[in-house]
Amino acid sequence: MIDWFHPGLIYILGAFLIPLFRGTIKKGYLLLLPVLALINLLLMSKGVFSPEGKEWILPFLGYDLILGRVDKLSMVFAYVFVIASFCMMLYAIHIKEEGQHVAAYLYVGSTLGVVFAGDLFTLFFFWEVMAWSALYLIWYRKTKAAYGAGLRYILVHFFGGLCLLGGILLHFHATGSIALETFPWGGESSGIPLSSVLILLAFVINAAVPPLHAWLSDAYPEATVTGAVFLTAFTTKSAIYVLIRGFPGLELLIWLGAIMAVYGVVFAVLENDIRRLLAYHIISQVGYMVAGVGMGVMGTAAGEMAINGAMAHAFCHILYKALLFMGAGAVLEVTGRSKLTELGGLYRYMPITFHLYMVGAYSISGFPLFNGFVSKTMVVQASAMSHLPIIWLMLEGASIGTFLHTGLKLPWGTWFARENPVCKAKEPPKNMLAAMGITAFLCTFIGVYPKIIYDLLPYPVHYEPYAPAHVVSMSQLLGFTFIAFWLLRGKLYGERTITLDTDWFYRMAGKWVIWFCEKPLMTFAQFVDGKVMGVAGFFVWFSRNPALALHIKKEEAKLKVKRFMMSPKRAEEHAQVLVEKRKSYPGELPKLTLGASLVLILLAFSLYLILYLLMER
């Protein structure tokens, strides 16, 4: 009897069957996989399959690999990943390239593998599959910029994977355990283990914590229209999941998260590309979650509020950020443009896209009645409960910048800003609008009825988002931001600029490495290769008739010495004789006597004996 079937395997195994289907059947199959995964999760929550607290264990080389640890924490992330994957696939279902769909579902399946992993080696395996499958969603755009961004993306994640593997091995050597649990981080008598530092470094790379964040803003805008929508959800949120598992209550994360929240907003101000602007706001919003994990001291009211807030905000962020990228992707799909300086006046042609996009904009900005309001404010409230006024101020300030650019500047510059549209456009395909509509409905439904998500969280939720003080304070914040934008809207057009971020350092270093490999290193390699091949060629030539070869070489040496003592005519005659001998080489092979043959055999055995004795030493 099957106790449990891993939801991630539905995607992973199903991905390899996609090429077998065609037409409408393939579209139905693509949408069926997330439906089956959602049914699986619902059955798990009802105890039909593995109930919460039970583990699916696979013995391997004397160790227990826990492929399925089911509890409230894993279930919250699993639910939103599966729901989002349905909306995202509906958005992408018109794409005819099967490879994009295969990569997308491998990406989703491996992320679910991370979410349900109960041991470090299982985590590492799915961690790497997640990185490599995401790469192809970038490369499938097939532009030079996409290839470059994808290469930088995988190099950064390859480094993160090495850090994770090194940390796992050191942790296993020190503790003998491979369980995915809270990692040690100092104490009164002990320092910080190197294993914990490496594992944390791997986690914060995937969470895009500055200065290790530039891979996100570099790669996501260069992905395919539909691939970018998938990318918004899984890598950074799975990093939040493992941070909650491994480092809850780590004070360092509070400050890193608050810096993220502000940093992403500041760089979004500088952006002209709409998808790059939204990518920086991913960094900002994930900062709220990272700060929530840092404030999540177990056993305290503020800590439980912070962990609940981080998880709820991850859930809501996946939905509204997907919706925002769907809107930006729809503009790119129908116009071929993604820069604010090349857009404007599109509302006449794309009103439905605009209004659906604005649901995501209201959500990310924390408008009452939208899902961002019921999740983001939990983290902000936790900072107040933890008596962290600077953190509270940074998070509130980031909210202002988010609304200013994602909720006002971007839609204004894309759909309005100019009286005459910059180009003709139309609404995107119906499946894209349908996906945006479902996602917008979920953003609104959760905002109106937050209990549906609060009941999934691991700790009891003692928080009323619609308390009058919360609603009034947030409304004032958003209202004054809108007034400031409206007064200054003429100065908030996009600018044709190139934003330098921390990726500049490894871009420059990479250029020098490539130059060194292509120029000095390749020149040296060609020189060595030429010499080695010359020596090898000589031995091949020499072995064809050693006696005649020695004679020719001896005559060549004599000619070089005597050339200065003989007349030019005589030297030319000797050179001509050598040319003829070379042409006739190898000629008739010499016949060896029995004694000469025995001498050669003994010589060969002697050489073999010498080499053998040297190797033994």
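The second largest pocket of this predicted model lies between domain 1 (1–182 + 193–247) and domain 3 (502–544), because both domains give residues to its lining. About 370 Å³ of space lies in this second largest pocket, and its lining is made up of G148, L151, R152, L155, V156, Y506, R507, M508, G510, K511 and I514. The elements that give two or more residues to that lining are α6 and α20, and α20 contributes the most, with six residues. By class, the lining of the second largest pocket has six nonpolar, two polar and three charged residues.

The domain assignment of the chain also lists domain 2 (251–496) and domain 4 (545–617), beside domain 1 and domain 3. Although the C-alpha centres of domain 1 and domain 3 lie 39 Å apart, seven residues of domain 1 are in contact with four residues of domain 3. The area buried between domain 1 and domain 3 is about 460 Å², and carbon and sulfur atoms give 57% of it. On the domain 1 side, R152, A214 and D218 supply 65% of the area that this domain buries against domain 3, which is more than any other three residues supply. R152 is also one of the residues that line the second largest pocket.

The largest pocket holds about 800 Å³ of space. It is lined by 30 residues, of which D218, E222, R276, I498 and R507 are the closest to its centre. Two or more residues of this lining come from each of α6 (144–175), α8 (214–219), α12 (274–294) and α20 (503–544), and the largest share, five residues, comes from α6. R507, named here close to the centre of the largest pocket, is also among the residues lining the second largest pocket.

The table sets out the two linings by residue class.

| Pocket | Nonpolar | Polar | Charged |
|---|---|---|---|
| Largest pocket | nine residues | six residues | 15 residues |
| Second largest pocket | six residues | two residues | three residues |

A separate site is K26, which lies in helix α2 (residues 23–45). K26 has a relative accessibility of 10% and therefore counts as buried, the cut-off for that class being under 20%. Leaving aside its neighbours within four places in sequence, K26 is in contact with I18, F21, K96 and E98.

Methods: Residues are numbered from 1 along each chain as its sequence is written. This is a predicted model: local features need pLDDT of at least 70, side-chain atom pairs count only at pLDDT 80 or more; totals for chains, interfaces and linings use all residues. Side-chain values use heavy atoms; hydrogens and water are left out. Helices (H or I, at least four residues) and strands (E, at least two) are DSSP runs, numbered from the N terminus. Buried means under 20% relative accessible area, exposed over 50%, partly exposed in between (1.4 Å probe, protein chains only). Contact means heavy atoms within 4.5 Å. On a 1 Å grid over the protein atoms alone, a cavity is a set of points where a 1.4 Å probe fits but cannot get out, and a pocket is an open set with protein on both sides within 12 Å along at least five of seven lines; lining residues have an atom within 4 Å of a point. Grid points are joined across faces, edges and corners, and a volume is the space filled by probe spheres set on the points. Ala, Val, Leu, Ile, Met, Phe, Trp, Tyr, Cys and Pro count as nonpolar, Asp, Glu, Lys and Arg as charged, and the others, Gly among them, as polar. Domain bounds come from an automatic or database domain assignment. Buried area is the accessible area (1.4 Å probe) that two parts lose on being put together, summed over both.
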